[in-house]
Amino acid sequence: MIEIKNINKGFNGVEILKGISNTFEEGKLNLIIGKSGSGKSVLTKCIVGLHEVDDGQVIYDGEVFSDMSRKERKEIRKDIGMLFQAGALFDSLSVEENVMFPLKMFTDMSHEEMLERANECLNMVDIVNKNKLLPSETSGGMQKRIAIARAIAMKPKYLFADEPNSGLDPQTAILVDNLLKKITYELNTTTIVITHDMNSVMEVGDNIMFIHEGQKWWSGNKKSILNTNNKILDDFVYASEFMKQLKGRLS
Amino acid sequence: MELLRQLGKYSLLMAKTFGRPEKGKVFRQRLVDEIDQLGIDSLGLVSIMSVFMGAVTTLQMAVHLENPLVPKSLIGFATRESMILEFSPTMMAVILAGKVGSNISSEIGTMRVKEQIDALDIMGINSANYLIFPKILAALLIFPFLIVVSMALGIGGGYVISLVTGVVAPPVFLEGILDEFKLFHVIYALVKTLFFAFIITSISSYQGYNTSGGALEVGRSSTKGVVQSTILILIMDLVLTKLMLI
């Protein structure tokens, strides 16, 4: 479980996050949604420690991560897996080397054991016989799945995904969403997904937090998000024609 | 003020860079890769440049030393001294700043904008130590070797051109090469090389590591890295020459 308490963050005097508090549950897909520029990515970077918070606390299973030094954070970091928007795979390493990378850095596994674990993870995301390819030789959807395989190689307790299905076709996007769902339930991870894709929200949103202009505007689940009577949230949720029609049908 | 801020950021990055590597085996592998990429891959360029520089220096010396009172062996002597004292360490460092420096800046800069450095940090890996330390150490180890090769090939180029053109008799050229050889001059050149190796790799890494934006900024960082390294090489050349030779 990850808790954030009264998070404030600004850059060059501009306040980006304004007193955000929330609890992200274990074994659940916790979504952070909001318009572009609302502060979702900054919040996630604060939670994983890529940005230091100006004020407030980030707590991983009772341990105050935001107050820890870089060395102290190391142990928690080993339990974090992150899927970046563009995959962030290492260009010079092959698919299997990318997945084996955290194992190589943090475990004493033999090469065979690492390879076995890498293949296990790659099978989990349905990537087979692509081990020797470089990331640039694979498609965007594959890169996302390889990045998921790398993120779960160390069997993380906390999984983060920054817009996991941006730039993907609808079928692959659903595949990636379902993969995240499967991993979260199977490994019982605390998963936090940043998205502004309503398809994802309706597909996998166990817990949802809506951020607007750096503030927590609303939180709930995928059922309650359809009936909030909150104008700003409704404008976001029912922005597409399809969702507008769905709203019509629901009412 | 901006200069002080940059100096502070550079110092912090260097403090982060020089720590105990996460895993010795991985570090050694990266070091070997970097020696290959930064040093061995530059051997061809260094060799070609050195042979031609040595040859041209010999020709120019021959043109300027036509006075019968000046011994022709001075051509060999001047070629050797030019190569050892300045051309090999400094000119090669400037050339390597262009080749190796831009390579480092763009590699690390691309990793930064593609969030690969963030990925390392999130995994709990000291990204500066993992990426930059092997590059600096590799350059400190391999650049002196490149410079010694450059000195030898430069002098060799001078000898070949004397043989081909006859501007000076080869035995006379060789006599000049062996005349009043001072080992300290080679040591001085190697000390300069170590400083230059550190400047090239650390400045280029700093520029790459602090890139933000996209492809355009990666290009800008690369240019900045080369320009700043070159200027610092020239300043350091002056300072070290004053301290060591005068």
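Let's start inside chain A of this predicted model: Ile146(A) sits in helix H5, which covers residues 140-152 of that chain. Buried or exposed, on the count of its C-beta neighbours? Ile146(A) has 24 of them inside 10 Å and so counts as buried, the threshold for that being 20 or more. Leaving out residues up to four places away in sequence, Ile146(A) touches Leu89(A), Val95(A), Asn98(A), Val99(A), Ile127(A), Pro135(A) and Thr138(A). For a sense of scale, Glu120(A) is 26 residues from Ile146(A) along the chain, and their C-alpha atoms are separated by 12 Å.

One name on that contact list, Val99(A), is worth following. Which residues does Val99(A) contact once its neighbours within four places in sequence are left aside? They are Ala118(A), Cys121(A), Leu122(A), Ile146(A), Ala149(A), Arg150(A) and Ala153(A). Val99(A) also turns up in the largest nonpolar core, a set of 120 residues, where it is among those touching the most other members. The others in that group are Leu43(A), Met82(A), Ala149(A), Phe160(A) and Ile200(B). As for where the core's residues come from, the largest share is 12 residues from helix H4 of chain B, residues 73-113. As background, nonpolar side chains in soluble globular proteins tend to be buried together.

**Two helix pairs**

A pair of packed helices is described by the angle between their axes and the distance between the axes. Here is one pair from each chain.

| Helix pair | Axis angle | Axis distance |
|---|---|---|
| H3(A) and H4(A) | about 125° | 9 Å |
| H4(B) and H9(B) | roughly 20° | within 8 Å |

Take the chain A pair, where H4(A) spans residues 111-124. At about 125°, H3(A) is oblique to H4(A), because this angle falls outside the ranges for roughly parallel, roughly antiparallel and roughly perpendicular. The crossing of H3(A) and H4(A) is right-handed. On the H3(A) side, the residues that meet H4(A) are Glu96(A), Val99(A), Met100(A), Leu103(A) and Lys104(A). Their partners in H4(A) are Met114(A), Leu115(A), Arg117(A), Ala118(A), Cys121(A) and Leu122(A). Sorted by class, this contact has 8 nonpolar and 3 charged residues, with no polar ones.

Now for chain B, where H9(B) runs over residues 183-209. H4(B) and H9(B) cross at roughly 20°, and they are therefore roughly parallel, since that label applies to angles under 35 degrees. Their crossing is right-handed. The contact of H4(B) with H9(B) is made up of 14 nonpolar, 13 polar and 3 charged residues.

**Chain B as a whole**

How many helices and strands does chain B have? The tally is 10 helices and 0 strands. The C-alpha trace of chain B spans about 70 × 40 × 35 Å along its principal axes. Of the 246 residues in chain B, 44% are buried. Among contacts in chain B with a separation of 6 or more, 87% join residues 24 or more positions apart.

Leu141(B) lies in helix H7 of chain B, residues 133-165. With 16 other C-beta atoms within 10 Å, Leu141(B) is partly exposed. Leu141(B) and Ser212(B) are 71 residues apart in sequence, with 31 Å between their C-alpha atoms.

**Where the chains meet**

Between the chains, 14 residues of chain A are in contact with 13 residues of chain B. On the chain A side, helix H2 (70-77), strand E6 (80-83) and helix H3 (95-106) each supply at least two residues. The largest share of that side, 3 residues, comes from H3(A). By class, the chain A side has 10 nonpolar and 4 charged residues, and no polar ones.

**Two positive phi angles**

Most residues other than glycine have a negative phi. Asn12(A), which is not a glycine, has a positive phi of about 50°. Asn12(A) is in the loop between strands E1 (2-11) and E2 (14-24) of chain A, and counts as exposed with 4 C-beta neighbours inside 10 Å. Glu163(A), not a glycine either, has a positive phi of about 40°. The loop holding Glu163(A) lies between strand E7 (158-162) and helix H6 (170-187) of chain A. Glu163(A) is buried, with 20 other C-beta atoms within 10 Å.

Key:
Residues are numbered from 1 along each chain as its sequence is written. Chains are lettered from A and ligands numbered from 1 in the order in which they are written. This is a predicted model: local features need pLDDT of at least 70, side-chain atom pairs count only at pLDDT 80 or more; totals for chains, interfaces and linings use all residues. A nonpolar core is a set of buried Ala, Val, Leu, Ile, Met, Phe, Trp, Tyr and Cys residues joined through C-beta atoms within 7 Å. A residue is buried if 20 or more other C-beta atoms lie within 10 Å of its own, exposed if 12 or fewer, and partly exposed in between; C-beta atoms are placed from the backbone. Helices (H or I, at least four residues) and strands (E, at least two) are DSSP runs, numbered from the N terminus. Two residues are in contact if their C-beta atoms, placed from the backbone, lie within 7 Å. Axes are lines fitted to C-alpha atoms, for helices over the stretch in contact, and angles run from 0 to 180 degrees between N-to-C directions. Angles under 35 degrees count as roughly parallel, over 145 as roughly antiparallel, 65 to 115 as roughly perpendicular and the rest as oblique. A crossing is left-handed if the near helix is turned anticlockwise from the far one by less than a right angle, and right-handed if clockwise. Ala, Val, Leu, Ile, Met, Phe, Trp, Tyr, Cys and Pro count as nonpolar, Asp, Glu, Lys and Arg as charged, and the others, Gly among them, as polar.
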